[in-house]
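Me: I am new to this one and would like a friendly walk through it. Could we take it question by question?

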Amino acid sequence: GAFLSFRCGFNCQYCINRHGDFRPRKEMSGDDWIRGLNRLNIDRDRMVPITLQGGEPSKHKDFIKIINGIKEDLYIDILTNLDFDITEFKRNVPPSRLQRDVPYASIRVSYHPEFSNMKTLFRRIKVLQDFGYDIGCFFVEHPEISVQPLFDYAINIGIDLRSKEFLGNYE
């Protein structure tokens, strides 16, 4: 995992980056990320990706430059809340750059009901999917979330939606 930025446009009360003694560090430049990640020697047959994450990795000013600067023989995944300009992303990052044959999407979008409108987010995912990106959505089954409408809508528009068990405290 490459934590490009710990910044995020959301402020989720359950964010793992808000707990404990975590202290964000100064962000590395895009050129430093590219140089560092390109030093990695990962056997392509193992299909192990470099996962760009954070916070929200797209908050790094060189997000797209980093993706395009990573050498072609390295796989790239992205963990994101999709809070970025998808038109610019489509224009500058070919879908083939984020592809590998594994049972989960190379772009994994996290749904945050406090900050995202479900239908808007799912439509944005669908736009990227229809453009050729390998993309899916995940959410945590928080006790206050009505799960079935999420799955119904995702199935209706044809996107991959997966849930993760809620492991926190509630009430």
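Me: Is M47 buried, partly exposed or exposed?

Reply: Happy to help, and please keep in mind that this is a predicted model. M47 sits in the loop between α1 and β2. Its relative accessible area is 22%. Buried would need a value under 20% and exposed one over 50%, so M47 counts as partly exposed.

Me: What is the phi of M47, given that M47 is not a glycine?

Reply: The residue belongs to the loop between α1 and β2. Although M47 is not a glycine, its phi is positive, at about 60 degrees.

Me: And E171, is that residue buried or exposed?

Reply: E171 lies in the segment after β6, and its phi is also a positive value in a residue other than glycine, near 50 degrees. Its relative accessible area is 87%. The cut-off for exposed is over 50%, so E171 is exposed.

Me: Which strands does β5 pair with?

Reply: Let us take the partners in turn. Strand β4 (residues 107–110) runs parallel to β5 and is joined to it by four bridges, with V109 opposite C137. Strand β6 (residues 160–164) is parallel to β5 too, through five bridges, and there C137 stands opposite L161. The partners are thus β4 and β6.

Me: Through which helix does the chain cross from β5 to β6, and what is the handedness of this crossover?

Reply: The strands β5 and β6 run parallel. The chain passes between them by way of helix α5 (residues 147–157), in a β-α-β crossover. The helix is α5, and the crossover is right-handed.

Me: How many of the six residues of β5 are buried?

Reply: This strand covers residues 135–140, and it is largely enclosed by the rest of the structure. Among what it helps to cover are the buried residues of α5. The number of buried residues in β5 is five.

Me: Where do the buried residues of α5 lie around the axis?

Reply: The buried residues of this helix are L150, Y153, A154 and I157. They cover an arc of only 100 degrees around the axis. The exposed residues I155 and N156 are on the face turned away from them. The buried ones therefore lie on the same side of α5.

Me: Which elements are among those that cover the buried residues of α1?

Reply: In α1 (residues 30–37), the buried residues are G30, W33, I34 and L37. They fall within an arc of 95 degrees, so they line one face of the helix. Among the elements covering them are β1, β2 and α2.

Me: Which polar contact does the side chain of H60 make with the backbone oxygen of M28, and at what distance?

Reply: H60 is in the loop between β2 and α2, and it is buried, with a relative accessible area of 3%. Its contacts include E27, M28, S29 and W33. A polar atom of the H60 side chain lies from the backbone oxygen of M28 at 2.7 Å.

Me: Which element gives the largest share of the largest nonpolar core?

Reply: That core has 40 residues, and L52, F89, F122 and I125 touch the most other members. The largest share is five residues, and it comes from α4.

Methods:
Residues are numbered from 1 along each chain as its sequence is written. This is a predicted model: local features need pLDDT of at least 70, side-chain atom pairs count only at pLDDT 80 or more; totals for chains, interfaces and linings use all residues. Side-chain values use heavy atoms; hydrogens and water are left out. Buried means under 20% relative accessible area, exposed over 50%, partly exposed in between (1.4 Å probe, protein chains only). Helices (H or I, at least four residues) and strands (E, at least two) are DSSP runs, numbered from the N terminus. Two strands pair if DSSP finds at least two bridges between them. A crossover is right-handed if, with the strands pointing away from the viewer, the path from the first strand over the helix to the second runs clockwise. A polar contact is a pair of N or O atoms within 3.5 Å; within protein, one must be able to donate a hydrogen and the other to accept it, and residues adjacent in sequence count only if both atoms are side-chain atoms. Contact means heavy atoms within 4.5 Å. The arc is that of the directions from the helix axis to the C-beta atoms. A nonpolar core is a set of buried Ala, Val, Leu, Ile, Met, Phe, Trp, Tyr and Cys residues joined through side-chain atoms within 4.5 Å. Lists of a residue's contacts leave out its neighbours within four places in sequence.
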